[in-house]
Amino acid sequence: MKKTRKPSSGNVGFEKSRKIPGHSRVRPLTSFAPERNAVSSTSDKRQITARPKTSQALHRKQTTDTDAQKHLPNKTQNESQTLENIGSDARRKTNANRPSSHIANRHNAERDRSISFGSDSAGIRKHRGSKSTKELKINISQSKSSIRSSGAFDPSNFNPVQRKVAWQSDSDVVSTLSENHDDECLKDSFQPPMLGTEDSGSEYDTDLETEPPAAPKQYDSSGKYTYLKVCKQEDVLPVSSLQPKFEEKEMAIKHRSLGSKGALPLAKSLLKNVYVEKLDLSDNGIEAIGTSFIASMLVDNCYITQLDLSENAIGADGGILLAEMLTRNQILRKLTLRSNHLTDRVAKRFAESLRENRTLRHLDLSHNEIGEQGAVFLGAGLAINYGLKHLDLSWNCIRGKGGVAIAQAMKINDSLTTLNLSWNGVSLLGCVALGKFLRRNENLKELDLRNNRIGYLGAQRLCPGIAKNVSLETLNIGLNPLGDDGVAALLKAVKINKSLKVLSLENVTVSSNAFREIEQLEKTREIKIVTGGLGSFKKPKEMPQQMAILLDFIKVNRLRLVDWFFQFDKDHSGDISREEFKTGLKETGLKMTQKQLDTLIEYLDVDNNGKIEYSELLIGRNHTLREQRDLRMAQQKLRNLEDMRARLPTIKGFEPD
């Protein structure tokens, strides 16, 4: 009668075991995850209800079974002893017939004291009929070798049956499993021992292990993870407040002192970003190196339409990189480069980019170091550009020829609507050019000429262009020494121009007559005129000499000087007293004040005898005529000089008008 060992209540409970395929190996012992020590994979619905028994628990159970056997009837004990003796004799005979190699394997097993069986021992029993003994031996040998090679085993953790089998060869194990143990005993005895964590990385191949596949890697469409990764690689402290802005349309990073090193992670992250459309990096000190990263990113970025790099000290090198970027980028609409030390060299490169770029709408180059030559280059670029609508060149060093080049571009350009030339020095020459070419422009709506050294003569030369322009709506010409004559000329042009809605005369005082005209204009039409208040800045007229007044009077009345003199000399003495001279002037209708009369008599009385002689009258006349001739010559020279100043220079790249 075969001895049957019943599992105690502390044993592990199993549901029906999965059938192991014929091609799978016996699973090696694992030590770490409960999923790997389970009877089947996690995809099955079998679960372990209790932990496997430890060696101490099994020892206590053996002791209990031994005590229970002592109380059995003598017949049962004798039958059990007989069966054991028969099994022992059969094993001894089998070992005697084995070759020496099997004995060596047994000694090796004794030395290692380790063996690994699959967690599903019941599955082995089910395959005894379908698998040959040779195949089972191979699987057991492979399991034993895998455990031995790992070195992560402890024989003290084996249960009694495992210890017994560990001393046997592979063939004895097969016979032991097939002859001396039933299903319940195998389930109870061949639970995997609880090994250390060193065995958790052992490799094996089985169909029972069905781990869930790894989650597919998601594309970082915002770039925030790329930003953190590159910050770690470049040893840069990331900006914590920047993370939520990667998924917003506007990213404003002002006054953060990113530097050129901090611009690299941001540029690489924005290369993947699909959310940000407005990027503001003003006052971060990124310089030319950081600008190179931003420019490279903008070549491939298809979403950023507005960029502000103001106050970053990018210099000429950084400005050239951005200008070259414009030749390849067709997405950017607004570029602000205020206060970046840009020079004429940068202006030349931007002019070349404006010839190719047709998508940029707003360009701000204010508060830089662009001079006369740079403005000439920009004017040449504007002449053939058909996309730019707003150009800000305020607070630069644009003089004479630069203003002329910009004005000549306005004759051809039909897209620019806003031009800011404030705080430069276009002066008279620029006003002459603007007055000449503005009359042909039909798109400009706003013109800013504040603080450009424009006097009354420049205002007069500018007015013809303003009067005939049909599109201008806002004109800012404040902070200039216009004077009363300049203001009067502008008001006259405004009356003719019907499109102008705002005229700014900031800090320019006006006379009372001009103030009344302004009030009348604001009442009759929709226009706003801003002034500096009531006042007067009119060049004082020199008081003409009294002798000139006398000569003009004689000329107007068609009189001869000798006839006029003897009309007063009634006694024909050849001289006239002061009292007779005053009375005669009043009788002829010449209006002079008493002070003027006294000054004239003192001028004519050369010898100071109190009388005016005819010879003295001739000397005064000749001297006055000579002075008038010299004055006319001086005025003509001044007009010629002004004409020369107002003569437009011939600029290379522009057709002469």
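**Exercise 1. The main core**

Which residues touch the most other members of the largest nonpolar core? Find them in this predicted model, then list the contacts of Phe350.

Solution.
- Step 1. The largest nonpolar core holds 94 residues, and Leu266 and Phe350 touch the most other members.
- Step 2. Check the domains. At least three residues of this core come from domain 1 (219–341), and at least three from domain 2 (425–539).
- Step 3. Take Phe350 and set aside its neighbours within four places in sequence. Its contacts are then Gly319, Ala323, Leu326, Leu335, Leu337, Leu363, Leu365 and Leu378.
- Step 4. Look for another core. One of 20 residues lies apart, and its members include Ile576, Leu590, Leu600 and Leu604.

**Exercise 2. The chain as a whole**

State how many helices and strands the protein chain has, and what share of its residues is buried.

Solution.
- Step 1. Count the elements: 25 helices and 13 strands.
- Step 2. Turn to burial. The chain has 657 residues, and 44% of them count as buried.
- Step 3. Turn to contacts. Take those between residues at least 6 apart in sequence; 82% of these join residues at least 24 apart.

**Exercise 3. A helix pair**

Describe how helix H18 (residues 456–468) and helix H19 (residues 483–496) pack.

Solution.
- Step 1. Choose the descriptors. Two packed helices are described by the angle and the distance between their axes.
- Step 2. Read them off. The axes of H18 and H19 come within 8 Å and cross at roughly 5 degrees.
- Step 3. Classify. An angle under 35 degrees counts as roughly parallel, so H18 is roughly parallel to H19.
- Step 4. List the contact. H18 supplies Tyr456, Ala459, Gln460, Cys463, Ile466 and Ala467, while H19 supplies Asp485, Gly486, Ala489, Leu490, Ala493 and Ile496.
- Step 5. Sort these residues by type: nine are nonpolar, two polar and one charged.

**Exercise 4. A covered helix**

Which residues of helix H16 (residues 400–412) are buried, and what covers them?

Solution.
- Step 1. Count. Ten of the 13 residues of H16 are buried, and the helix is mostly covered.
- Step 2. Name them: Gly400, Gly402, Gly403, Val404, Ala405, Ile406, Ala407, Gln408, Ala409 and Met410.
- Step 3. Find the cover. It includes helix H15 (372–383), S7 and H17.

**Exercise 5. Positive phi**

Locate His255 and Trp423, give the phi of each, and decide whether each is buried, partly exposed or exposed.

Solution.
- Step 1. Recall the background. Most residues other than glycine have a negative phi.
- Step 2. Take His255. Its phi is near 55 degrees, a positive value. His255 sits in the loop between strand S1 (250–252) and helix H11 (259–270). Its relative accessibility is 54%, so His255 counts as exposed.
- Step 3. Take Trp423. Its phi is positive too, near 60 degrees. Trp423 belongs to the loop between strand S7 (418–420) and helix H17 (427–437). At 31% relative accessibility, Trp423 counts as partly exposed.

**Exercise 6. Two charged residues**

Are Glu616 and Lys586 buried or exposed? Give the contacts of each.

Solution.
- Step 1. Place Glu616 in helix H25 (residues 614–646). Its relative accessible area is 6%, so Glu616 is buried.
- Step 2. Leave out neighbours within four places in sequence. Glu616 then contacts Leu604, Asp605, Val606, Asp607 and Lys611.
- Step 3. Place Lys586 in helix H23 (residues 578–588). Its relative accessibility is 56%, so Lys586 counts as exposed.
- Step 4. Apart from residues up to four places away in sequence, Lys586 touches Gln594 and Leu597.

Notes: Residues are numbered from 1 along each chain as its sequence is written. This is a predicted model: local features need pLDDT of at least 70, side-chain atom pairs count only at pLDDT 80 or more; totals for chains, interfaces and linings use all residues. Side-chain values use heavy atoms; hydrogens and water are left out. A nonpolar core is a set of buried Ala, Val, Leu, Ile, Met, Phe, Trp, Tyr and Cys residues joined through side-chain atoms within 4.5 Å. Buried means under 20% relative accessible area, exposed over 50%, partly exposed in between (1.4 Å probe, protein chains only). Domain bounds come from an automatic or database domain assignment. Contact means heavy atoms within 4.5 Å. Axes are lines fitted to C-alpha atoms, for helices over the stretch in contact, and angles run from 0 to 180 degrees between N-to-C directions. Helices (H or I, at least four residues) and strands (E, at least two) are DSSP runs, numbered from the N terminus. Angles under 35 degrees count as roughly parallel, over 145 as roughly antiparallel, 65 to 115 as roughly perpendicular and the rest as oblique. Ala, Val, Leu, Ile, Met, Phe, Trp, Tyr, Cys and Pro count as nonpolar, Asp, Glu, Lys and Arg as charged, and the others, Gly among them, as polar.
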